[in-house]
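Welcome! Below are some short exercises with worked solutions, so take a look at the structure and then try each task before reading on.

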Amino acid sequence: MQNTIDLFRRLFSELLEDEKKNTVAQHIPSEKLYETLDLSLKETPLSEEEFEKVLKELVFTTTRTATTGFFNQLFGGRNEKAILGDLLAVILNNSMYTYKAAGPQIGVEKVILKETCRIIGWDENSDGTFAPGGSMTNFMSMLMARDVVNEKIKNEGGQKNLRVYTSKESHYSTPKNAAFSGIGRDNVQYVPSNDIGEMDMHHLKRMIEEDVVKGFIPTLVNLTAGTTVLGAFDPIPEASNICKEHNIWLHVDGAYCGSVFLSAKHKHLLKGIELVDSFSYNAHKMLGTPLSCSVIVVKDKKHLHDSFSNDASYLYQTDHDEFNLGKTSLQCGRRNDALKFWTLWKSVGTKGLEKIVDHQFYLADVARDYIRSNSDYRLYSFDESISVCFNYKNIPARDICTLLFEHSEMLVGYGSYNDQEFIRFVTINAQNDKGDILNFFKVIEQFVEDHKDLFTSHSIEA
Ligand code: ABU
């Protein structure tokens, strides 16, 4: 084992050194991947030296997500205390279904869930669990909503007239989950959003009322706290009133920005969160833990048990259900995603998590100020969002993003709203500072200046 630990230390130290010089890994075109790297699996073993060489090549050419060159998705950075927790979780290798198999790690998960529920204003009757990602926490909310409408579905199978409401700007997991749950993709109703990307409550109310008249059963309203493109927050109190009137499960998908519940300054974006039935957030997004760290909490823990528990005498052999977390989880074997969050939270305190969240909004202000003060840029997104959407010199956003990627300069993505396409710059890496944000714009400006021919001669194919 010592040799392996030494190899890990070598690879990690060398990578850290290299990242200081090269924030973006050398781009390997996908069509050249297998001829560039030796990924093949063979009958015979490699020598230790050969093994280290191929592993180093792989590590060094892998997309770098912890540097100042990565703004492509809704995560980034490298929080050391959280990494320590995740490395320990790998070494300990527990499965979180029973107290017998995970011991005190069950308590680690439970204190995170309890503290989350307490901060958002729920009582002892609330609880939660961890799932493999935001899509799956949304899926869990849909299953609980379905089972509340008709508890027989889980035994007898589907019912054709259930309806789910989500905004046009919401995450693409909702139609997939409707397929998985038997509700059906065709029963997802897409509610239009207003000018700043928030679900329009007048439309929601009208669509629900029309569905009731037609004989549909409104089952779930899925709100978003931080839409994937604009980072908008749907209004909770208005949706809660509508849901109460019609007995509909209300879920808030806070995968991207739900962690604002930890910030005194920004928690107003989640005003009314205590009114909802379920709420999910990803600590691997705003809080910067390694992937994945997805939490769902429910106001009444009964629903977790009703939808997810199943007897298994070969598994549940000791202790109370409260400590056998397989009774409330989506999966059976389940890795310990809680420990990395716990090591982070324990080391910086709730105040430290708040600072992480607040810093991202500060960085977004820096970016918006820069854009607003420079006439070459046009801003499309709004204040109080950590997605800063813009165009530069009217150059198609997809051209800039794709060329930056292919030239190993910077990873940033594009999005669209109301038929406008723009660069989506996400200030989610709280390890960045003002200089890193300003440097992002400098990289784009220098790149465009140095590659004028590419931008004037043609538009890149999508
Ligand atoms: N849930 C992942 C969203 C990915 C993105 O919008 O970048």
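**Exercise 1.** Find the bridge partner of Cys389 in strand 12.

*Solution.* Step one: the bridge partner of Cys389 in strand 12 is Arg424. Strands here are DSSP runs of E with at least two residues, helices are runs of H or I with at least four residues, and both are numbered from the N terminus. Step two: place this pair in its strands. Strand 10 (residues 387-392) pairs with strand 12 in the antiparallel sense, over four bridges; two strands pair if DSSP finds at least two bridges between them.

A word on the model: it is a predicted one, in which local features need pLDDT of at least 70 and side-chain atom pairs count only at pLDDT 80 or more, while totals for chains, interfaces and linings use all residues. Residues are numbered from 1 along each chain as its sequence is written, and side-chain values use heavy atoms, with hydrogens and water left out.

**Exercise 2.** Work out which strand is joined to strand 12 by five bridges, and what lies in the turn.

*Solution.* Step one: strand 11 (residues 411-417) runs antiparallel to strand 12, with five bridges joining them. Step two: within strand 12, Glu421 stands opposite Ser416. Step three: strands 11 and 12 form a hairpin with two residues between them, and Asn418 in the turn has a positive phi of about 50 degrees.

**Exercise 3.** Put the strands of the open sheet in order and name its edges.

*Solution.* Step one: the open sheet has five strands in the order 1-11-12-10-9, with mixed pairing. Step two: strand 1 (70-71) and strand 9 (377-379) are the edge strands, each pairing on one side only. Step three: strand 9 runs antiparallel to strand 10, with three bridges between them. Tyr377 stands opposite Tyr392 in strand 10.

**Exercise 4.** Explain why strand 12 is described as largely enclosed.

*Solution.* Step one: buried means under 20% relative accessible area, exposed means over 50%, and partly exposed lies in between (1.4 Å probe, protein chains only). Step two: five of the seven residues of strand 12 (residues 420-426) are buried, so this strand is largely enclosed by the rest of the structure.

**Exercise 5.** List the residues that surround the ligand, then look at the polar side-chain atoms.

*Solution.* Step one: Gln73, Leu74, His171, Thr228, Lys285 and Arg424 surround the ligand, where near means that a heavy atom lies within 4 Å. Step two: a polar side-chain atom of Gln73 is 3.1 Å from an oxygen atom of the ligand. Step three: for nitrogen atoms of the ligand, a polar side-chain atom of His171 lies 3.1 Å from one, and a polar side-chain atom of Lys285 lies 3.0 Å from one.

**Exercise 6.** Trace the salt bridges of Lys340.

*Solution.* Step one: a salt bridge is a side-chain nitrogen of Lys or Arg within 4 Å of a carboxyl oxygen of Asp or Glu. Step two: Lys340 forms one with Asp86, with the closest N and O atoms 3.7 Å apart. Lys340 lies in helix 13 (residues 338-372) and Asp86 in helix 4 (residues 80-92), so the pair ties together parts that are 254 residues apart in sequence. Step three: Lys340 also meets Asp337 in a salt bridge (3.2 Å, N to O). Salt bridges with shared partners join Asp86, Arg335, Asp337 and Lys340 into one network. Step four: check burial. Lys340 counts as buried at 0% relative accessibility, Asp86 is buried at 11%, and Asp337 counts as buried at 6%.

Key: A polar contact is a pair of N or O atoms within 3.5 Å; within protein, one must be able to donate a hydrogen and the other to accept it, and residues adjacent in sequence count only if both atoms are side-chain atoms.
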